[in-house]
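This report works through one protein model, going from its overall make-up to a helix, a pocket, an aromatic pair and some backbone details. Please keep the sequence and the structure at hand while reading.

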Amino acid sequence: MSDHDQLLVIVDPVARRSDGESVRIAKDVLSAGAEAKICLPDSPEEFSRALARRGSRRPVLLGDDRALLRTVALLHRERGLADGVLSLVPIGSPDALEIAHALGVPRSTPAAARAVLDGTVQRLDLLVDDSDGVVLGDLRIPGVPAAALSSGPSVWGTCRSLVRTLVRPAPTALAVRTHRLRVEADGVLLSDVDTPLESLTVRSVAGTAEVTVHPSAAPPRHTTARTLTVSGPDFRYRADGRLTGPVRRRTWTVREGAWGLTLPRAAP
C-alpha cells in the first residue's frame, strides 16, 4: 500500500469494551504507517454514518465477524463494494472471529495491522439473496437452533436427560426432523416438496456455489451453481451464524469477486 494511503479506522464498540489493549496496539501500528482518522462510534447508527462519510479514505475495521458482516452488508446496500477495498484487524474472542480467520486475516493484532498497510487486495466472492442480504461463508437450510450448535451438554440439559431417562425408556434411535422444500440450482430441480429433506448446505467457492442436498433416505447430492432457489413451507436458514426467517422463498446468487479485502501478500 502507498505510504500516503488515507485510512478511516472504525473501532467497533464491542471491540473497545472487550479488548482495549488490542485496539490500542492496532491504532498505534496503523497511525505509524499511514494517515489514519480514528472513529469511535457508540451505536450501529453512528457506525453506519461514519462508514457513509468515509470519502476517499479506505475503511479499516477493528472488530469481530459480526462487525465485518455489518460493514460488508452496508457497503453492499450502498453499492460501494465493487470499487472499494475493506481492511480488517480482528479483535474479539476466537469463536467470534471464525469467518475473519477463514478468509485469511492474521490472528495476531500487530500482524493484521501490518497487513492493512503492506498487504495486497484479494477479490472475494459473495452470496447475495433477493432481499439484499449477503453471505460471506456458510449457508445452511433449515437453520439449526443455536442450542443445537453448542460444543457440549449443559448441566441443565444433563439433568433433563436424566429425568427423561428415569420416567420412560430411552428411544432406540434419534428421530431426524425432515423438511419439504423445493430446491433449484440454475433452474435444475435438485429436490421437490414430495422428497423429505434433512438439510441443505451452501458455500461460495471460485465463483460458484457448492451445494449439498441431504435427503433423509438417500446419499447426499452435490452440485455447483451460480443461482440457488429454495421454496416451500415456512423455513429458516442460518447464514454466517445468523438465523433468518421464516420465509417461503429465497434465491441466492453468487457474485464473483464482489468485494475486496486486504490480506497478507503470502496468503493463498
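## Overall make-up

Helices, of at least four residues, and strands, of at least two, are taken here as DSSP runs and numbered from the N terminus. On that basis the protein chain, which is a predicted model, holds 7 helices and 14 strands.

Of the 268 residues in the protein chain, 44% are buried, where buried stands for a relative accessible area under 20%. Among the contacts with a separation of 6 or more, 68% are between residues 24 or more positions apart.

## Helix α3 and its surroundings

Helix α3 covers residues 44-52, and within this helix F47, A50 and L51 are buried. Viewed down the axis of α3, its buried residues fall within an arc of 95 degrees, so they line one face of the helix. The general background is that an α-helix has 3.6 residues a turn, so residues three or four places apart point the same way. The cover over the buried residues of α3 includes the strands β1 (6-11), β2 (35-39) and β3 (58-63), together with helix α4 (65-77).

Just before β2, in the loop that connects α2 (20-33) to this strand, lies A34. A34 is buried, with a relative accessible area of 11%, and its C-alpha is 6.4 Å from that of Q6, although the two residues are 28 apart in sequence.

## The largest pocket

The largest pocket encloses about 920 Å³ of space. It is lined by 32 residues, of which I99, A102, G137, D138 and R203 are the closest to its centre. By class, the lining of the largest pocket is made up of 14 nonpolar, 13 charged and 5 polar residues.

Several elements contribute to this lining, with at least two residues each from α4, α5 (98-102), β5 (120-129), β7 (138-141), β10 (197-205) and β14 (242-263). Strand β5 gives the most, with 4 residues in the lining of the largest pocket.

## An aromatic pair

The count of aromatic pairs comes to 1. In this pair the ring centres of Y237 and W252 are 5.0 Å apart and the ring planes stand at 90 degrees, so the arrangement is edge-to-face, a class that calls for an angle over 60 degrees. Because Y237 belongs to strand β13 (residues 227-239) and W252 to strand β14, the pair ties together parts that are 15 residues apart in sequence. Both Y237 and W252 are buried.

## Backbone details

As a general matter, most residues other than glycine have a negative phi, and most peptide bonds are trans. Against that background, the peptide bond from I141 to P142 is cis, with omega near -5 degrees, and P142 sits in the loop between β7 and α7 (155-167). A cis peptide bond also joins G245 and P246, with omega at about 10 degrees, and P246 is placed in strand β14.

Positive phi values are found at R79 and D132, neither of which is a glycine. R79, with a phi of about 55 degrees, is in the loop between α4 and β4 (87-90) and is exposed, with a relative accessible area of 56%. D132, with a phi of about 75 degrees, is in the loop between β5 and β6 (134-135) and is partly exposed, with a relative accessible area of 28%.

Note on methods: Residues numbered from 1 in each chain as written. Predicted model: local features only at pLDDT ≥ 70, side-chain atom pairs only at ≥ 80, totals over all residues. Heavy atoms only, no water. Buried < 20%, exposed > 50% of the residue type's maximum accessible area, 1.4 Å probe, protein only. Arc of directions from axis to C-beta. Contact = heavy atoms within 4.5 Å. 1 Å grid on protein atoms, 1.4 Å probe; cavity = no way out; pocket = protein on both sides within 12 Å on 5 of 7 lines; lining within 4 Å. Points joined across faces, edges and corners; volume = space filled by probe spheres on them. Nonpolar A, V, L, I, M, F, W, Y, C, P; charged D, E, K, R; others polar. Phe/Tyr/Trp six-rings, centres within 6.5 Å; stacked < 30°, edge-to-face > 60°.
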